[in-house]
Amino acid sequence: MPAATSRRRFLQTGASAFFGSSLAPFTAQSRETTPDDDLTTVSIIHTTDLHGHIRPAVNYEGIGNVGGFARCATLIREWKRQNPNHILVDAGDLYQGTHVSRRNRGKLMIKLLNAFNYDSWVLGNHEFDWGIEPVADAISSAGMPTLGSNLNLDAATIPTEGIRRSHMETIDGFRIGFLGLTTPGLPYWLNPKLLGGITATDPASAAKAAIAEMDDPHAVISIGHMGTKRGGDDYANRAHDTIDTNREIDIYIAGHTHRDYSSYYLDDTIYTQSAYWGINLGRVDLTFSKSRNMLVDKRTFTVFMDRSFEMDPLVLQMAKDEIGASDEELAREIGKLEVALDGEYERGKPNGHERLIAAAISHSLEKRKLEVDAVFHGPFSESTIEPRTLKVSDVWEIIPYENMVVTASLRVRDVVTVLEEAVNSGRYTHRNLMGVEVEFTKSGNGIKVANLRDSKTRRSFRADETITVAFNSYDAQSGGQRMMKLRGLIEEPSSRSQLHPIETRECLIDFFLDRQSVTADDLLV
């Protein structure tokens, strides 16, 4: 009988998030007759959603000086010393998110994983934010397998030899099978050109295929760059379905949703997740019995990486030059803001953040000989930015995410469809249209567009007129399925949509460098 099947009858699990606590896998009588060397414990150490964070950061709750890979590395070293039988894995979204990582296109984070001898990693959705070339570089330079069990590589425009559907680690005679899953939400956030022909298939069936090709594993570990939100699945997070379909999975190591789960039980499978930015570090302990040739116990827990953990000297040394260069660039002054920018969203009345971003996008496109009639965008922050000399670091606060620019020629009636979809979809689609005046009205349980006017001439547009609108690439792909009508319109050949190789953040920096002084008149109404 395969080890993956027979162990189910014997395995006992318990809900413990502490280092040494564990339900005893044997009775008192069996422990007396069990040889001292019968049990082997393998520790699987896992990180996820580091997003380029090497130094400590401030978490979502406003707690500062926590996390960062440099802190995680200190505990990784300690756990490795404690147990020579260890495996080190990462669940994706490794390098996008910080300026220091952005300036070297993620190479530093891969270098750090190699230095600590990671055994495998999984591609996250944000790995593709900068296009397919950095992904190719990361895969080729990673000194470990890239797990992509549910990635369809048939149309990939990059070499894919480094991507495996499954991976087997053997420790002390026990075979541990690993599979890796990338969120199927990719096409709803990322332009196809950024994905380079790579698509994500159904994770549940892909996991089944990966497990089937494993050589009689004693334990099966799924590393998924998809997790759970409020205990259930959605279009981008299919962890529950994957586990339900594949009961052979002993441990599901999750990512993507930025949650911390020490131990979350789904029948016999333990779901565990180590938050984000290195704020938590996760560990799985699997205990095997040689006499029974099977897995007999499993434990998972995460540790909060606060200031009690020193930053690893090797990590700081390896990152020293890049961090120094990054700090210098972030401190560079780019121009003076002469007007306060409010950030509070109001329907049909663009705020300062929106008008500045729109003006910057329009400016960059004009420099490329493309004029647009309007820019569709929203604010990322509700804070007011007071007049002052801005630095590059301020731009990263105004636009915290990488997005490229997409333009499309749409009929006015279609623009109305886009606006009504966004305004009725909730706060996550708070967007305004700059360059065109929009008048809204309430209609039943929703909001309708009453009129669209040219901002300069005040002329109302006809429904069959065509105007050129600029979007960020995330919104153009539906903004995470929240604006599917927009996605459909942009995909129509008549829209003549284009993905431009400029990032919205770059547009903003370029705008200030060219203007030097930005006044209220420079903002796009």
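How many nonpolar, polar and charged residues does the lining of the second largest pocket have? The structure is a predicted model, in which local features need pLDDT of at least 70 and side-chain atom pairs count only at pLDDT 80 or more, while totals for chains, interfaces and linings use all residues. Residues are numbered from 1 along each chain as its sequence is written, and side-chain values use heavy atoms, without hydrogens and water.

The lining of this pocket comprises 9 nonpolar, 4 polar and 8 charged residues (Ala, Val, Leu, Ile, Met, Phe, Trp, Tyr, Cys and Pro count as nonpolar, Asp, Glu, Lys and Arg as charged, and the others, Gly among them, as polar). Two helices, α11 (352–367) and α16 (504–515), each supply at least two residues of the lining of the second largest pocket; helices are DSSP runs of H or I with at least four residues, and strands are runs of E with at least two, numbered from the N terminus. The largest contribution to this lining, 4 residues, is that of α11.

The same two helices, α11 and α16, pack with their axes 8 Å apart and at an angle of about 80° (axes are lines fitted to C-alpha atoms, for helices over the stretch in contact, and angles run from 0 to 180 degrees between N-to-C directions). Helix α11 is therefore roughly perpendicular to α16, a term for angles of 65 to 115 degrees. The residues of this contact of α11 with α16 divide into 8 nonpolar, 3 polar and 4 charged.

Definitions and conventions: Parallel < 35°, antiparallel > 145°, perpendicular 65-115°, else oblique.
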